[in-house]
Amino acid sequence: MDDYTARTWFQLKRSDPRDGPLWNRARILCTFKKGAITCLYLFQHHTEKLEQENPRASSQRSLWCNKVHDNIRILLDRIVTRWNPHYLLQRFGTNSALHHSLTPEPLLTVPSIFGDPQAESDFDVEHAQERYEQCFIPLLYHELWENIKHDAKSVISNNFSNTNDNITIEIKKNEPQVAQPTHPSESPIPTTLIFGSYSFDIDLSFTRTFPKLGLGDIIVISINPQGQIQRFFAVVVHRIEFRHVIGTLVRVGREAPLDHDVCEHFLESQTMQQLVRMMQNQVPIIQATVSSVKEGILKEAKVIISTLNYSANSTLLLMKHRKDVDFVIIDEACQSLEPDCLLPLYFGCAKIVLVGDPQQLPPCVLSPAGQERNLSQSLYDRLNGIIPPKNISMLTEQYRMHQEICHFPNKHFYGGQLITHESVMNYWTDYPLKPYYLYNLTYTTHQCPPNGGSSDNKEERIFIKKFCIKLLERLIEGRSYRPNDPEFIEMEKRIVVITPYKGQMTKFRKRSLQFPRHIEVLTVDSAQGKEKDIVLISCVRSGEGQTIGFLNDKRRLNVMLTRARRALYIFGNLNWLAERDSHWDELLDNAVARQLIDTVPKSDHPVNLALRDD
């Protein structure tokens, strides 16, 4: 592994003997703000007290308080003041932990409000906005709370009063001890303010050394997964040629990726580069200089890439004031909540392009209220049902999957309309195995925890581990597998295991299995939008019972089958699945007809690699 790939972009810059200290200072200027405050003070009723305590408090707070819509401020105010602390001391998964005053009105179902198109002459904008807020704001209360509980599970076990190493979760009460009623008929109630530790440790490369539990980040209601925008951005950088390389395309966001080419286009990276040049020329730099440099970069940019939520960040406020955004493209629009898709519209764009695949997974909604009232319906899906077909274009040429992998999804999900670009067939031409193959593990049985939880399948994991090692040895010139060998490590990074069950994903990482540690293991939901050269699917479900759980969702099946570039291998009791679901039945019949399946009847059956015929 050479020095370039082994070290991050910033580590290389910082290691320069002459300019290393300048890069350090530039990073500090970009990362830390004097007088910066947390979201605890982003509400109007805190403004005066805060300014008395700290006159140099961040302008971002006052900006939020002055610009945010009143109903959103009420939303956040209610959330931080109306959770009863005793709910937080119960085990997760019990009764709803929402105070009744969070949703005093009956919850509305999304399709009943927005399902039918209206004649333009009958459309009342103010009435529509009121109904829109009445529907979505209460549902987002519930979704936010479920997300907080979900995030906290990985850090703490039973309650929020634990201290777990570096992360401290606190429960404190406001002063005064009574919340202002939001309606004349409502009585004042005791207030409770919830927030997590906002501090974090960093190492010398300015990497956070432990994850922050973001209970304080209550502004972020729902997030389109960060990894997907990074992958989309990388594709844009690598596949599109710009007349002006640096500065034409700018990515705004918090964490720069490891890809060095992509790093060059990050707003923070470009800002640091300019600051270092200024320091080399002995130009005085103050905190305001950083903001000025960022504004200059954004003014010159032709294309800006951001997550949906970050598009509402104060960093991009300049773009809102300029009103010169021609159009907005939202990628993975089918996986985005409808309110999220509205955030970039405040740029005042004339056109919006939604790009998504309705045959794949919808937004992930955790709250029972949101699930019951169709919060998971994306803006794309809603518009797809009401706008004229002439305004919907299907992109039929695919640039990812080998045509043998594409064969079944194309036929089963897309009506045979997909065309494989010739460049796909020229990728990794000396790969020695068949690109698509199924392993029918008829002897396995899945396990489900007695107290509920996610299923797993031990026999399946063991077989997949054997397969991986044999595959790696074949790909690395027939050498015996060595876990720390750089060649094996690089090959492992080209492989991913995808499974519908978090329990299976977790147990792949148990030390006792000794699974190759550089092979990524993902759930199906987190794999959407990703791609890898070699994909292995662990189906898990097998044995007793008549249901197949998550596997009965054809969109989830479609996501699993369409992540691979060069090779896709499926492991599971496929006979058992085919007996219980028509989609799996067709998948099995297709593989049998193409002679791309091996039945494994017992655990000591040899692992056979399906070599190419040519």
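**Exercise 1.** Work out which residues of helix H18 (residues 403-413) are buried in this predicted model, and what they pack against.

*Solution.* Start with the helix itself: Ile405, Cys406, Phe408, Pro409, Asn410, His412 and Phe413 are buried in H18. Here, buried means under 20% relative accessible area. Next, look at what surrounds those residues. They pack against four strands you can pick out one by one: S10 (397-398), S11 (419-420), S12 (436-441) and S16 (564-572). Helices H24 (554-561) and H26 (582-593) are packing partners of the buried H18 residues too. Finally, step just past the end of H18: Gly415 has a positive phi of about 60°.

**Exercise 2.** Take the two helix partners, H24 and H26, and describe how they pack.

*Solution.* First the geometry: their axes lie 10 Å apart, at an angle of about 35°. Then the residues: H24 brings Lys554, Leu557, Met560 and Leu561, while H26 brings His583, Trp584 and Leu587. Now sort them by type, and you get five nonpolar, one polar and one charged.

**Exercise 3.** Find the residues with the most contacts inside the largest nonpolar core, then follow Leu536 outwards.

*Solution.* This core has 72 residues, and the best-connected ones inside it are Ile534, Leu536, Tyr569, Ile570 and Trp584. Helix H20 (residues 458-475) gives the largest share, eight residues. Now zoom in on Leu536: leaving out residues up to four places away in sequence, Leu536 touches Ile464, Phe467, Cys468, Ile495, Val496, Val497, Ile498, Tyr569 and Phe571. Last step: there's also a second, separate core of 35 residues, including Cys263, Val290, Ile297 and Tyr310.

Definitions and conventions: Residues numbered from 1 in each chain as written. Predicted model: local features only at pLDDT ≥ 70, side-chain atom pairs only at ≥ 80, totals over all residues. Heavy atoms only, no water. Buried < 20%, exposed > 50% of the residue type's maximum accessible area, 1.4 Å probe, protein only. Contact = heavy atoms within 4.5 Å. Core = buried A, V, L, I, M, F, W, Y, C linked by side-chain atoms within 4.5 Å. Axes fitted to C-alpha atoms, helices over the stretch in contact; angles between N-to-C directions. Nonpolar A, V, L, I, M, F, W, Y, C, P; charged D, E, K, R; others polar.
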